[in-house]
Amino acid sequence: MNVTLFERLATLTKSRQRKLGLLVGAVAVPALILAAFATLLTLRVAREVQAENTRYCGYVEGKITEAFEQELIAQLRDAVVPAEGVAHEGGDRPALLAALASRSRQFEAPHYVPVEDMAGLSVIMVESNMLLYGDDPTGRHQHPFAAVVLRGPDGEVTGAGGWWFNPRAFIATRLATVVRDRLSSSPRMYGGIESTRYLCVQVYDTQGNEVGRVRDPARAPVTRGAEMTGPFEGYRVHVTPTAQAPVSLAGRFVIVEVSLIALLTLVMLASTAIGVRYILRQIELVQVKSSFVSNVTHELKTPVAVIKLAVETLEMRRYRTPEEGDKYLRTILRESDRLAQLVDNILDFSRLESGQKTLRLTSVSVPDVVSMAMESFRLRLEDGGFVYSVDVPEALPRVKADPIAIQHCLLNLLDNAMKYSKERKEVRLWASERDGMVGISVSDRGIGIDAEDQKRIFDKFARVETGLVHTVKGAGLGLSLVEQLIRAHHGRVEVASTPGEGSIFTLLIPIWTEPNGSPRA
Ligand code: ADP
């Protein structure tokens, strides 16, 4: 029968429900709480690591903009040496320009700004050096102008000597050295190269185009980056972790860890559900077994008591006529048959359960096997006051079967037909050929079985615990046995029944085929 876990739970007693509830609560609830706690903790740590990383990247971005100014002034200082010599000796403007031009390889055009024009230039201090810069003061160039101060013979400022230069090209050619050398060698740089080797640095120009990069980022930059100053104004530096950076690994680890926590919780909940199912099954089995034991005990005790009474009556000759004596003898015979059938059922059942039952399938005549079954059952039908008929054509094909097993199945069907009949005591047994099989049917006009119960009567220990069945004892083994035995014949059992009208049980058994494939009549 297809019942949900909840329906099965509902059938338990209140105290069992409470105990199961406690068990589930003791495992599932802490598992869920711990999983939620572990997930929160992991996410919290991940968020802190991310925030720390963003702060660190921001710090490095600032350092890179400074490093570029240092790089520029270092280049200017190198190149301006001849011009400084000329200025020191009081050289004039053309001499200064010529000196500047001699070292202009690093930059574009040289330019000299006399002290009286220097007010148009901006100044920033780079490591105690003055870096002067300006926007195209002569209108000659698109690019910014960068210069250092030149001093005359008395140390007085005479002007600024410098060059126009292309920040885009400057950045593109020097980015790698600035990041790898200047940045990591700076004594003020926290962590040095160790901490920056997993960082990707990208620089974007004023239009947002990438000018250069060192290493590839794990993902596109999400921050605004740091804006460069001085002659590099408008350029932006972005620092992001590479895929190998611990923070990127940590990000991936968080996903894995949260998935693992979820998986573990699922496994835990699933195993709790399986555990509950198992416990329910065990409870049901205990219930079923105890009702089986009480049913079987009753089934065994009743015939034993009847036999004992009949034997006592015969022994003390407490009967009047010989016919009455015969009646007691028939009773003993009938009841011992019942006992034998029950014991056979129990033995067969345990053999089937342990896989020890083997069938000897041979060519069997259906009329023969039916008449053997009727032979041993006729007495019971007659004593029970049943009207019965048997209609098995001699011409039926032979079947591939174990005759003892088929007889056993028929006896079970006949026994049920008798047990579950009330006033209309009619039993019919007939056989016919159908779908390459022979069907042997047993019908009664008894209480019938409703559609829902028809599905489960073949389960072991299954009984319909209502109406008349309640008063008729049985072990719930018969039909389960019949079904298993017929299935082992590669056949099937069908039931057609209308409550209050009666039932028809049909055993369909495959026809015997000769080794060459032809059926034998
Ligand atoms: P038992 O008869 O020992 O209870 P069975 O396995 O033979 O066990 O049958 C299972 C159940 O099927 C019975 O308890 C009864 O409810 C129902 N059943 C079987 N045969 C009939 C029948 N001919 N008419 C009505 N109900 C039947």
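This briefing covers a ligand site, a nonpolar surface patch and two residues with positive phi. The model is predicted, and the values below are computed from it. In this model 20 residues surround the ligand, and the protein buries 98% of the 530 Å² that the ligand exposes when taken alone.

**Ligand site**

- Among the 20 residues that surround the ligand, the closest are Asn-416, Tyr-420, Asp-444, Arg-463 and Leu-479.
- Sorted by class, the shell around the ligand is made up of 11 nonpolar, six polar and three charged residues.
- The side chain of Asp-444 has an N or O atom 2.8 Å from a nitrogen atom of the ligand, and Asp-444 is also listed with the closest residues.
- Leu-479, another of the closest residues, contributes through its backbone, where a polar atom lies 2.8 Å from an oxygen atom of the ligand.
- For Lys-419, a polar side-chain atom is found 3.0 Å from an oxygen atom of the ligand.
- Taken alone, the ligand would expose 530 Å², of which 98% is buried by the protein.
- Two or more residues of the shell come from each of helix H10 (403-419), helix H13 (478-488) and strand S16 (502-510).

**Nonpolar surface patch**

- Phe-37, Leu-41, Val-45 and Val-49 together make a nonpolar patch of about 370 Å² on the surface.
- One of these residues, Val-49, belongs to helix H2, which covers residues 14-79.
- Val-49 counts as partly exposed because its relative accessibility is 34%, a value that falls between the 20% limit for buried residues and the 50% limit for exposed ones.

**Residues with positive phi**

- Most residues other than glycine have a negative phi.
- Arg-215 is not a glycine, and yet its phi is positive, near 65°.
- Arg-215 sits in the loop that runs between strand S7 (210-214) and strand S8 (226-227), and with a relative accessible area of 25% it is partly exposed.
- Arg-317 likewise is not a glycine and has a positive phi, of about 50°.
- The loop that holds Arg-317 lies between helix H7 (246-315) and helix H8 (322-353).
- Because its relative accessible area is 62%, and exposed means over 50%, Arg-317 is classed as exposed.

Note on methods: Residues numbered from 1 in each chain as written. Predicted model: local features only at pLDDT ≥ 70, side-chain atom pairs only at ≥ 80, totals over all residues. Heavy atoms only, no water. Patch = residues over 30% accessible without salt bridge, like charges linked within 9 Å, V, L, I, M, F, W, Y side chains within 5 Å. Areas by Shrake-Rupley, 256 points an atom, 1.4 Å probe, with all protein chains shown as cover. Salt bridge = Lys/Arg side-chain N within 4 Å of Asp/Glu carboxyl O. Helix = DSSP H or I, 4+ residues; strand = E, 2+ residues; numbered from the N terminus. Buried < 20%, exposed > 50% of the residue type's maximum accessible area, 1.4 Å probe, protein only. Near = heavy atom within 4 Å. Polar contact = N/O pair within 3.5 Å; in protein donor to acceptor, adjacent residues only side chain to side chain. Nonpolar A, V, L, I, M, F, W, Y, C, P; charged D, E, K, R; others polar.
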